[in-house]
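I opened this model to go through its strands, its aromatic rings and its cavities. My entries follow in the order in which I looked things up.

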Amino acid sequence: MSDASAPGPAGLFTLADYAAGAQRVLDRDVWDFVAGGAGEERTLAANLEAFDRVRLRPRVLTGAGAPDTATRLLGRHWAAPVAVAPMAYHTLAHPAGEVATALAAGKAGVPLVVSTFAGRTFEDIAMAASAPLWLQVYCFRDRTTTRRLIERAEQAGFEALVLTVDAPLLGSRVRDLRNDFRLPQGVEPVNLTGTGFASPGRHARAEFDPMLDWSVIDWLRSVSTLPVILKGLLTGADARRASAAGVDGIVVSNHGGRQLDGAPATLEVLPEIAAAVAGACPVLLDGGIRRGADVLAALALGADAVLLGRPVLYGLAVDGEDGATQVLGIVADGLSEAMTLTGTAVVADAGAELLQPPATRCATPRAAGRPGFEDPDTSYWPHS
């Protein structure tokens, strides 16, 4: 990602710099919609705090050389184990919206998960994309609507379905309630037909199917041949059931702290879920990634890749496509640096021995049989 390694505008070097820049340029209610979480935002804060407690162990004289950040998932090469998380309405941050994000993801060589509530058409996004596109799916009460979205995305060349399973309704987002948030004029889910979109929470209560059960996986397979990934799992029990159902991937996610306030941080439950899946399918994680070292920490605890959310929108808000490119570049460069300084040659080598103090000793697929897993201990070390 050499084209993303230089500092951004006005010397923006970190994702926190881009967040501050975005807050300056976005309207207050839009900033709150993007940055906020549910309830008292305890889970939103916990996602960040879990990574803040991580300590990586430098290793010296390893002879590892320059690290290779590449990985391969669902049959595709990724330049780094990072994808852009599904987020609605990129057009809130920049008029080019998801088209700009697709261009940035292509430069970075990483997938983009496109929201059902994208502000640009699937076809326009696909024309701009040079890296894999996945479709994030909300299942509506009217299954015909959902099926048509899937068919349209598949025809545009999307490569996987990411079903959000933690949103029978949208959590109570207090910032939006206080602001009586409405989508600005000209921002709408252009791939959907109908009305009532201006208030996202009200639309979700009216249209999302609150009765979803595990049979939805078979239904998705009946309408599409694309791989099915479940996003929103936080327990080993659900992960085992998803694995038994033959899903093609799992995203450990609490919806960026925007659903059940008080739910655990995703990093806290990652080892339990990775152990439950036991290599049957890829495990991805979102929530709280703010630096390249966070990516390495997630890999060490059992993730195969991570999804990066809000920071990409912050980059868009600050400098459009170039800003999103810079954000992805900062993360990739940070991962490469962390791998170099921990003597980690390839992402598959990341295991719990990289972390101090030792992480959970339940053997994950990649770490099974490796040093640091001799004594079973299911406690997750970052708890304060």
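**Entry 1: strand β10.** I started with a strand pairing and found Leu285 opposite Val306 in β10. The model is a predicted one, which I keep in mind for every entry. Leu285 belongs to strand β9 (residues 283-286), and β9 runs parallel to β10 with 3 bridges joining them. I then followed the chain between the two strands: β9, helix α12 (residues 292-300) and β10 form a β-α-β unit, and this unit is right-handed.

I also looked for a pairing of β10 with another strand. Strand β3 (residues 82-84) is parallel to β10 and joined to it by 3 bridges. Val84 has Leu308 as its bridge partner in β10.

Next I checked the side chains of β10. Ala305 and Leu307 point one way, while Val306 and Leu308 point the other way. Each of these four is buried. The alternation is what I would look for, because side chains in a regular strand alternate between the two faces of the sheet.

**Entry 2: strand β6.** Is strand β6 enclosed or open? I counted 5 of its 5 residues (160-164) as buried, so the strand is largely enclosed by the rest of the structure. Ala160, Val162 and Thr164 point one way from β6, and Leu161 and Leu163 point the other way.

Which strands does β6 pair with? Strand β5 (residues 133-137) runs parallel to β6, with 4 bridges between them. Val137 is matched with Leu163 of β6 as its bridge partner. Strand β7 (residues 228-233) also pairs with β6 in the parallel sense, over 4 bridges. In that pairing I found Val162 opposite Ile229 of β7.

I traced the connection from β5 to β6 as well. It passes through helix α6 (residues 143-155), and β5, α6 and β6 make a right-handed β-α-β unit.

**Entry 3: aromatic pairs.** I turned to the rings and got a count of 10 aromatic pairs. One of them is Phe117 with Phe140, an edge-to-face pair with 6.2 Å from centre to centre and 75° between the planes. Phe117 sits in the loop between β4 (112-114) and α5 (122-128), and Phe140 in the loop between β5 and α6, so the pair ties together parts 23 residues apart in sequence. Phe117 has 7% relative accessibility and counts as buried. Phe140 is buried too, with a relative accessible area of 4%.

How are the rings of Tyr138 and Phe208 arranged, stacked or edge-to-face? Their centres are 4.6 Å apart and their planes lie at 20°, so I entered the pair as stacked. This pair links distant parts of the chain, 70 residues apart: Tyr138 is in the loop between β5 and α6, and Phe208 in the loop between α8 (200-207) and α9 (215-223). I read 10% relative accessible area for Tyr138, which is buried. Phe208, at 3% relative accessibility, counts as buried.

I then checked how these rings group. Phe117, Tyr138, Phe140 and Phe208 belong to one aromatic cluster together with Tyr89.

**Entry 4: charges over rings.** I looked for arginines placed over aromatic rings. Arg143 lies over the face of Trp219, 4.7 Å from the ring centre. Arg258 has its charged end over the ring of Phe33, at 5.3 Å from the centre of that ring.

**Entry 5: cavities.** How many cavities of 30 Å³ or more does the structure hold? I found 3. The largest has a volume of about 600 Å³. Its lining is made of 34 residues, and those nearest its centre are Pro86, Met87, Ala88, His255 and Arg258. Arg258 is thus the residue already noted over Phe33.

I asked which elements contribute to this lining. At least two residues each come from α2 (28-35), α8, β10 and α13 (310-341). Helix α8 gives the largest share, 3 residues.

**Entry 6: Ala317.** My last look was at Ala317, which is in helix α13. Ala317 is buried, with a relative accessible area of 13%. I compared its position with that of Pro58: the two are 259 residues apart in sequence and 35 Å apart in space, taken from C-alpha to C-alpha.

Terms used
Residues are numbered from 1 along each chain as its sequence is written. This is a predicted model: local features need pLDDT of at least 70, side-chain atom pairs count only at pLDDT 80 or more; totals for chains, interfaces and linings use all residues. Side-chain values use heavy atoms; hydrogens and water are left out. Buried means under 20% relative accessible area, exposed over 50%, partly exposed in between (1.4 Å probe, protein chains only). Two strands pair if DSSP finds at least two bridges between them. A crossover is right-handed if, with the strands pointing away from the viewer, the path from the first strand over the helix to the second runs clockwise. Rings of Phe, Tyr and Trp (its six-membered ring) pair if their centres lie within 6.5 Å; planes under 30 degrees apart count as stacked, over 60 as edge-to-face and the rest as tilted. A charge sits over a ring if NZ of Lys or CZ of Arg is within 6 Å of the ring centre and within 35 degrees of the ring normal. On a 1 Å grid over the protein atoms alone, a cavity is a set of points where a 1.4 Å probe fits but cannot get out, and a pocket is an open set with protein on both sides within 12 Å along at least five of seven lines; lining residues have an atom within 4 Å of a point. Grid points are joined across faces, edges and corners, and a volume is the space filled by probe spheres set on the points.
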